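The following exercises concern pockets and charged side-chain pairs. Please work through each task with the structure in view before reading its solution.

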Amino acid sequence: ENYDYAISLKEGLDVVTAYHGRGEVWYKKGEYDKAILDFSKAIRNDEKSEKNYVSRGNAWCKRGEYENAIKDYKAAMHVAPEDPLGYSQLAWLLATCAEDQYRDGKQAVELAIKACELSKWNDAGSMNSLAASYAEVGDFERAENYQKMCILELDRKINKYDYTIRLKRYFARKPFRGEKVDREKQKKIEVPSNRFSEFLKTLEQ
């Protein structure tokens with residue numbers, strides 16, 4: 001898609017879609033700093049779209065900036081309380097983060113169950129998060145069951161390798177851990193603020 005052309009247009013849906021689309025391209029290429037900047041521009045043009053916050057949260061995770069990721073996932077939950085994506089992604093972070101201080105298995109289970117309820121128990125991503133959450137609290141029987149359900153719900157086009165590797169870990173009574181990131185190697189990013197982000201800060205006080 002011609003993202004640059006869409007971005008050159010006036011503010012509106014095309015601009016938001018273009019910034020988000022280009023951000024996803026940067027993310028897949030491993031250019032997480034550029035992805036964050038594009039997702040931030042998408043948010044500035046549409047502060048109430050949860051997918052932009054979730055995508056930026058995912059990119060923050062790849063840089064090891066988990067506090068920023070948590071804020072974005074919570075923002076997604078706030079703007080779209082009936083959408084499971086924000087709940088599922090925050091549960092995944094709290095269950096699998098490589099840094100101990102960010103993990104909270106009990107809260108992860110609660111969030112993942114909420115995501116599954118909102119998705120009517122037919123979303124593979126939500127069940128994947130629930131399985132990891134149960135593994136984090138040591139309930140490996142449930143972790144195995146939900147990981148199996150997750151694999152069954154996956155689209156046929158999706159490679160199931162990573163999902164089956166996690167299932168094997170749960171069989172071995174081992175929780176899943178994300179990859180540790182060296183934050184000192186990450187260059188600082190100046191993210192433009194927006195009215196909604198300022199509002200969220202008041203909720204944290």
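**Exercise 1. The lining of the largest pocket**

Which helix gives the most to the lining of the largest pocket, and with how many residues?

*Solution.* The model under study is predicted.

Step 1. Begin with the pocket itself: the space in the largest pocket is about 890 Å³. Its lining is made up of 30 residues, and those closest to the centre are Tyr27, Cys61, Lys62, Gln89 and Trp92.

Step 2. List the helices that each supply at least two lining residues: α2 (13-28), α3 (32-45), α4 (50-62), α5 (66-79), α6 (84-96), α8 (124-136) and α10 (161-171).

Step 3. Among the contributors, α6 gives the most, with 6 residues.

Step 4. Sort the lining by residue class: 14 residues are nonpolar, 9 are polar and 7 are charged.

**Exercise 2. A salt bridge and the exposure of its partners**

Determine how far apart the closest N and O atoms of Arg103 and Asp100 are, and classify each residue as buried, partly exposed or exposed.

*Solution.* Step 1. Side chains of opposite charge can pair when their charged atoms come close.

Step 2. The closest N and O atoms of Arg103 and Asp100 are 3.0 Å apart. This pair is a salt bridge because the separation is within the 4 Å cut-off.

Step 3. Arg103 has 19% relative accessibility and therefore counts as buried, the limit being under 20%. Asp100, at 55%, is exposed, since the bound for that class is over 50%.

**Exercise 3. A second pair for comparison of classes**

Assign an exposure class to Asp139 and to Arg142.

*Solution.* Step 1. Asp139 and Arg142 form a salt bridge, with their closest N and O atoms 2.8 Å apart.

Step 2. Asp139 has 22% relative accessibility and counts as partly exposed. Arg142 is also partly exposed, with a relative accessible area of 42%.

**Exercise 4. A link between distant parts of the chain**

Where in the chain do Arg173 and Glu144 lie?

*Solution.* Step 1. The side chains of Arg173 and Glu144 form a salt bridge at 2.3 Å, N to O.

Step 2. Arg173 lies in the loop between α10 and α11 (195-204), while Glu144 belongs to helix α9 (residues 140-153); the two are 29 residues apart, and the pair links distant parts of the chain.

Step 3. Arg173 is partly exposed at 46% relative accessibility, whereas Glu144 is buried at 10%.

Step 4. Turn to shared partners: Asp100, Arg103, Glu136 and Arg177 are joined into one network by salt bridges. The total for the structure is 8 salt bridges.

Technical notes:
Residues are numbered from 1 along each chain as its sequence is written. This is a predicted model: local features need pLDDT of at least 70, side-chain atom pairs count only at pLDDT 80 or more; totals for chains, interfaces and linings use all residues. Side-chain values use heavy atoms; hydrogens and water are left out. On a 1 Å grid over the protein atoms alone, a cavity is a set of points where a 1.4 Å probe fits but cannot get out, and a pocket is an open set with protein on both sides within 12 Å along at least five of seven lines; lining residues have an atom within 4 Å of a point. Grid points are joined across faces, edges and corners, and a volume is the space filled by probe spheres set on the points. Helices (H or I, at least four residues) and strands (E, at least two) are DSSP runs, numbered from the N terminus. Ala, Val, Leu, Ile, Met, Phe, Trp, Tyr, Cys and Pro count as nonpolar, Asp, Glu, Lys and Arg as charged, and the others, Gly among them, as polar. Buried means under 20% relative accessible area, exposed over 50%, partly exposed in between (1.4 Å probe, protein chains only).
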